[in-house]
Amino acid sequence: MAHKRPLTKAHLEAFCEQLHTRLGSEQAFQPSLKACPKVSDISALAQTPTVAMCGVLGLFPHQESSVSPNIFNEIEFKNFSWTADLTHEFAILPEDAHQRAALRAVLRNKIVVVEGSRGTGKTHLATNILLNALSNGQKVAAIAHDMGSLIQIQNEFVKLGLGHLTFLLKDIYQDKKLLLDIIRNEQSGRSVDYKEDEFKITLKQARRFLAQSDDSHAALSRPIFGDVPFSEVVGYYLKSQPKAGRELLANHLNAADYDFSLKEYDILKAAIEEAVWTFKSVNTLKHPLSHLHPSVFEGEKNEERRTKVTQNLSHFIEKWKALHHRYIAVYDTYAQKLMHYYESHYTDLTAQIRLLKESYSDHKFQFGEAFESNNFFRLSGLRAASLFSDRSKNVLSAKDEAMKQYTVLASIFNERKHFKHDFLSQSDKKDFKKLQTNLETFELSLKGWRKALPATLQEELQRLNSKTAQHFDKDLAEEIAVLEADLEQLSELTNEHKVLADTLAHKMLTLPKRMLFIEDTIEKLEDLKLNMRDFESFYDWQRYWLRLPENGKKVIQSLIKVKPNDWVAAFDSWYFHNTLVANYQTSALDNDNLMAQMCEAEDKLRTLLPAQIAHVWNERKKESIRALKSQNTEGYKLLFSSKNQELAKKKYLKDIINNYLPTLTDIYPVLLTTPSVATQWVEAEGKEFDLVVFDNAQNWSLDEIMPILPNTEGGVILSEYSKSDEPVPQSLVSTAQKQDAVSVRLNYLHRPVSSWVQALNQFVFCPDLEVPFNTTNIQQSIAITHVKGKYNERSQSNEAEIKGIIQLLEDIHATPFNTFPRIGIVCMNKKQRNALSNALLHIVQKTLNGWEKIEQLQRNGLGIYTLDEIEGLQFDILIMSGTFESLDKMTLSKKELRKAFNCFTQKFHYFNSVPQEDLVTAADEQHHPEGTFLLANLLLLAENMDKNADEVNPIIEKLKALYTSPKPYPSSVFIEQVKAHLSPFIRTEDIKENYFIDNHIFPLVIKKEDKTIVVRIDGKLIEGNYFSATWEQRILKELQKKDISVISIWSYNWWKNPKGEAEDLALKMVV
């Protein structure tokens, strides 16, 4: 019977009904429970086949839920599509900012949990969600335990002319006739005055204005600095700018090096604050000790650490000096050898020149012109004469000798050509005048080279390394190679011992540059050793500096260079300015008319939506009926023929619903029912509903709604909220919240109540909730009846209070419409509840005096409960039995008392057995449970309402003082700066922050003489997690009715020109 699913009331009733049918009983099946028959009656009952709906009550072990705790992630939901042209997120009924946020969340998520205390408009929101779904072509269901909530929803549809789209299914057996009667008349279409073009144009305008409003609000309200929005960062900037302008660091820092986040800011600010006092001990960024290796500054500073560092420095100074001396020695040796080499070359050349010149002079003296002549004929003559003359022969020999000496000189030069010179060719050498001239030129060049030899030597030495020395002196080249290796080794050794901050590494290829590197290293080491006297004072600063990130070091360096009076303020002004620059969006509209335009379009759309909804579903209905008629003639006749009652006589309503559900939901796209009824006909075969709303579902179990979930594409769970409530394990709400469900909390108390109940709600019961601006109060009374009752410990009841309540019921009169109020009776324990129920049952069964009145009241909803059973219920009159005659025996909580005082609309009547003097004492002492203490005060309040109204306010004021919570909103830095900039124009005491007007708090108000001005900041009159332009516009209109002016300011304008904005705001106030 319950294979693979939990056994529920619906399953049991279905089984009994099938058994009743198979037994062939002619009587209609009645699922209601009856008294168990006596033994003497059983034989008579056995004559006629029947099912007796009775049983035995007993205590059974707790059965764990069989539903998967991960149910919401396992069920295949789909997200609502936003692609259709007519898809929208607008509501018909008025809504506050929180309700608007909830509706928008429903359209974007598969499961949404909406929490709200009593009176925050959960059922009102449910109606808006259902209406929006209908407008978007979705089929919906609303499921609630409390029939009153379902009736409230249906009545709202009726007011809008859409009641024909709803069906309230109260009983799966009794409602068959009603459904068949009303559906028979639905086959004819309804006339709808739908203006399609006007609706589309208006919807397009409303969506455009909403998108602009959303973009503007998001640009200014989204967190840009941790959880801080744009306006508050403007406040931070305005606060720091006068102390030290942002321009001080603007030329020193590059914004691209920073990400402008709260985390980064906290790190940098802490670094600056530490630097302010740490830097004083050093007062320079270029202290020699900054070249020490960072590891030196790890751990605590002490004398031992300083001594060790000093010894390490001395050790390496000696090593580097020794290496340096070796380099000097090799360098000098090479220089000497190279100089000797050049000098030898010069000596050889000068000796050859001298020899050549002397020879030339001797031969010229000896032979005269004949020796110098280069005439062809004379030479020819000489050669011919030399055959016969010794003189001619000697002249030719002298010429040949001179040319040979010239050739030797050229060969000596060309072997090691150290400067440029062109010697004569073979033919030109015969011209001794040319030869002499060339020789003179060479000699001059040689002398020039000799003169430049030191520079040449130095240039040659600058290129010295093991490779360049190889061609000159191989032995010396090998020695240089050893020096190069030793330098590498010593550098690595110094790095390994973590002596210097910078890693020693050189890319120098020549010996002189390596020597300079060694000298620089020695200088650093010696400088460090010399300045170790400052080690103690420098230690703290360097430890701090080394911990800084690179962009932090840049900030500190810039501050040290600029030297502002206030380092933190200088950084703040620069950092916050650039944060604003990085996050400024042009979509932030400075347009006060935008909200008015949007609200105008949305108001017009509200008037058009009912007709649009009626049109959409009228067309769907006609199409569905035509399809049924053509495809299933039998089904069409069953639903729409004049004899449908007769045709359905042997059919069950649940079968009719399941067989024709698509058609039925096209005709009635809004199904209203209870969980117990829904689970009797829902079959987990497909998703029949686009959306299901679970109203007042705070105590629902997963088992209750498990048959429903697979039949919907999405769900909305509306739940009572109390921050002190502990979530029920495996409940619908807690399970959804543990998974992917989005949560929205309703924060406005909308239900009309009396001024004193409103005060209790706002300041005692629900101090975290808000009362809407200009809320309408109703008349509610509280009465107390003192009885001399005694609490019977054995029966755990109070007979005197029971008699008093029965007497009160007899005195209740019908309304002018001949109806009785809905009455709820609440008892402090179950025994008292049962005793009162039995007393009323006895009166009715025995038809004692007043039985008819009690029966009438029961038909109109009279119920008897304990405090934990009235969740989600609403009564006209609530009667409460105190039960005990001593407050010490009560364990009443504030939560329970809050439920009681928020579930009646007209009167609260309390029956009290506690002595008057005990109440007075308890009202002044808080040692009782909180709810009991509050109850004592409220009972005194009830006494004084009838006797002396002047005593009422002091009681409420006392409770206010005890329970008033801190400011609803934290202080705003932006508002603080606005006040500061307005101070030259307006007295500070006239500028009010978080100021109450008619129980509503406004962030910034200016009270000037008899004039009140509300300052709207960034397009918002009120602060909160959610924004709704229509809600803001409603508040604006209420302010205008009170002759309260509203002036808008925009934070990004104040960022750019605070002085001008302050002057402009002051001028507007005067005007």
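## Strand 6 and its neighbours

Strand 5 (residues 691-695) runs parallel to strand 6, and 3 bridges pair the two; strands here are DSSP runs of E with at least two residues, numbered from the N terminus, and two of them pair if DSSP finds at least two bridges between them. Let's look at the partners: Val692 is bridged to Gly715 of strand 6, and Val693 to Val716.

Strand 1 (residues 111-116) is also parallel to strand 6, joined to it by 6 bridges. Here Ile111 stands opposite Gly715.

## About the model

This model is predicted, with local features needing pLDDT of at least 70 and side-chain atom pairs pLDDT 80 or more, while totals for chains, interfaces and linings use all residues. Residues are numbered from 1 along each chain as its sequence is written, and side-chain values use heavy atoms, leaving out hydrogens and water.

## A covered strand

Now for the surroundings of strand 6 (residues 715-720): 6 of its 6 residues are buried, meaning under 20% relative accessible area with a 1.4 Å probe, protein chains only. Gly715, Ile717 and Ser719 are buried on one side, and Val716, Leu718 and Glu720 on the other.

## The whole sheet

Stepping back, the open sheet has 7 strands in the order 3-4-2-5-6-1-7, with parallel pairing. Its edges are strand 3 (166-169) and strand 7 (742-745), each pairing on one side only. From one strand to the next, the twist averages 15°, with axes fitted to C-alpha atoms (for helices over the stretch in contact) and angles from 0 to 180 degrees between N-to-C directions.

Terms used:
Buried means under 20% relative accessible area, exposed over 50%, partly exposed in between (1.4 Å probe, protein chains only). Helices (H or I, at least four residues) and strands (E, at least two) are DSSP runs, numbered from the N terminus.
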